Amino acid sequence: MRDVLLMAVFAFLGAAAAGLLGALALRLVRGRSVAVSLAVVAAVAVTAMLTGTLAVAWAMFLSPHDLTVVTTVCAMAAVVSLATALLLGRWVVARSNALARAARSFGDGGSFAAPDGQATAELAALGRELAATSAKLAASRERERALESSRRELVAWISHDLRTPLAGLRAMSEALEDGVAPDPDRYLRRIRTEVERLNTMVGDLFELSRIHAGALSLTPTRISVYDLVGDALAGVDPLARELGVQLIGDRVDPVPVEVDGKEMTRVLGNLLVNAVRRTPADGTVAVSAEREADTVVLSVTDGCGGIPEEDLPRVFDTGWRGSDARTPPAGAGLGLAIVRGIVEAHDGQAAVRNVDGGCRFEVRLPAAVMS
């Protein structure tokens, strides 16, 4: 037993010396290729075995022949281990370089595709993460392009919509100033109307900028959708009467929601005003509110005749307006974008689909927890 312990001590001391030298070598090459690190690890393992074996052989006073045999066996093991480590290192380095080349592709607007062939579990996991990151970047670039296109359209349309009333205001003010206006009171009423229109456009732009900047401050309160719909209908009723459109509250369930009453009234008001203006005289605009599972669905159905299918995905885009909405009293195409922004700020969803004779705008909101 004593001899076994003595051999263990000599073997440990020899291996520990090799291990310390190996740790120092790894520290020196830590910035080098993984192939070099693997070669060092293999060399340390073989050296530790060799030094431990030689220490035990020396302590046991083996014959020169036996010591030569042991040393030769350890040397051959060292050669095979180092060769294996170098081959493995070259393979890992080649896979890493291929992955690095593939990763460069999506940095300049391309898409990532993992290189063919087998890889270690870690490199394969890294490839999957890079592929997921590439997909996210592609989606982000697409959203950025869509947003930039939307901004350009908005600037163009806002410029057009501002130029028209400003030109009219200038002409009417010059006519009043020169005393050539045939009906000054009519001109003044028209100026007031144009100023109100400009004020509405500026207000919409301010609201949209707050939404895009994430600065929309909500004050949620528990309110019944019955009251919410009632307030919105009361606000739009004068316009509906003027245009000869009938407003109908269809299946309005008194279910509670946790929303900012002011902002959500604006949502319904925008939808109703848009529906009333697009519905022909003697037409009908119907409003409904129903509970479906854990959501409350508010809908506004008009008689506009429908929206082309190719335009449906763009309805809520900033600045979008249908081809028949280029003349007053159409606004700057911001109303539906504001609707979507406010609804999403409430963790809801806004959607539109065509129905018989018109289209149906739906707002889905989380239902309030019943107390």
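Here is a short walk through this predicted model, stop by stop, with something to select each time.

**Stop 1: helix α5**

Start by selecting residues 184-212, which make up helix α5. At 1.5 Å a residue, its 29 residues should span 42 Å, and the end C-alpha atoms do sit 42 Å apart, so expectation and model agree. Now show the side chains and colour the buried ones: Tyr187, Ile191, Glu194, Arg197, Leu198, Met201, Asp204, Glu207, Leu208 and Ile211. Why look at the spacing along a helix? An α-helix has 3.6 residues a turn, so residues three or four places apart point the same way. Notice that the buried set includes Glu194, Arg197, Asp204 and Glu207 as well as Leu198 and Leu208. Just past the helix, click on Gly214, which follows α5 and has a positive phi, near 70°.

**Stop 2: the second largest pocket**

Stay around here and pick Leu147, His212, Asp317, Thr318 and Arg340; of the 14 residues lining the second largest pocket, these lie nearest its centre. The space inside comes to about 390 Å³. Which helices build the wall? α4 (121-178), α5 and α8 (335-345) each put in at least two lining residues, and α4 gives the most, with five. Colour the lining by residue type and you get five nonpolar, four polar and five charged residues.

**Stop 3: the aromatic pair**

Next, select Phe316 and Phe361. The structure holds one aromatic pair, and this is the one: the ring centres are 6.0 Å apart and the planes meet at 85°, so the pair is edge-to-face (anything over 60 degrees counts as that). Phe316 lies in the loop between β5 (295-301) and α8, while Phe361 belongs to strand β7 (residues 358-366), so the contact ties together parts 45 residues apart in sequence. Are these two rings' residues buried or exposed? Phe316 is buried, with a relative accessible area of 7%, and Phe361 is buried too, at 4%.

**Stop 4: helix α6**

Finish with residues 225-243, helix α6. Its 19 residues should span 27 Å at 1.5 Å a residue; the end C-alpha atoms are 26 Å apart, which agrees. Where does α6 kink? Zoom in on Val236: a kink of about 45° lies there, shortly before the proline Pro238. Val236 is also one of the buried residues of this helix. To see the rest of that set, add Val225, Leu228, Val229, Ala232, Leu233 and Ala240 to your selection.

Key:
Residues are numbered from 1 along each chain as its sequence is written. This is a predicted model: local features need pLDDT of at least 70, side-chain atom pairs count only at pLDDT 80 or more; totals for chains, interfaces and linings use all residues. Side-chain values use heavy atoms; hydrogens and water are left out. Helices (H or I, at least four residues) and strands (E, at least two) are DSSP runs, numbered from the N terminus. The expected span of a helix is 1.5 Å times one less than its number of residues. Buried means under 20% relative accessible area, exposed over 50%, partly exposed in between (1.4 Å probe, protein chains only). On a 1 Å grid over the protein atoms alone, a cavity is a set of points where a 1.4 Å probe fits but cannot get out, and a pocket is an open set with protein on both sides within 12 Å along at least five of seven lines; lining residues have an atom within 4 Å of a point. Grid points are joined across faces, edges and corners, and a volume is the space filled by probe spheres set on the points. Ala, Val, Leu, Ile, Met, Phe, Trp, Tyr, Cys and Pro count as nonpolar, Asp, Glu, Lys and Arg as charged, and the others, Gly among them, as polar. Rings of Phe, Tyr and Trp (its six-membered ring) pair if their centres lie within 6.5 Å; planes under 30 degrees apart count as stacked, over 60 as edge-to-face and the rest as tilted. The bend at a residue is the angle between axes fitted to the seven residues ending there and the seven starting there.
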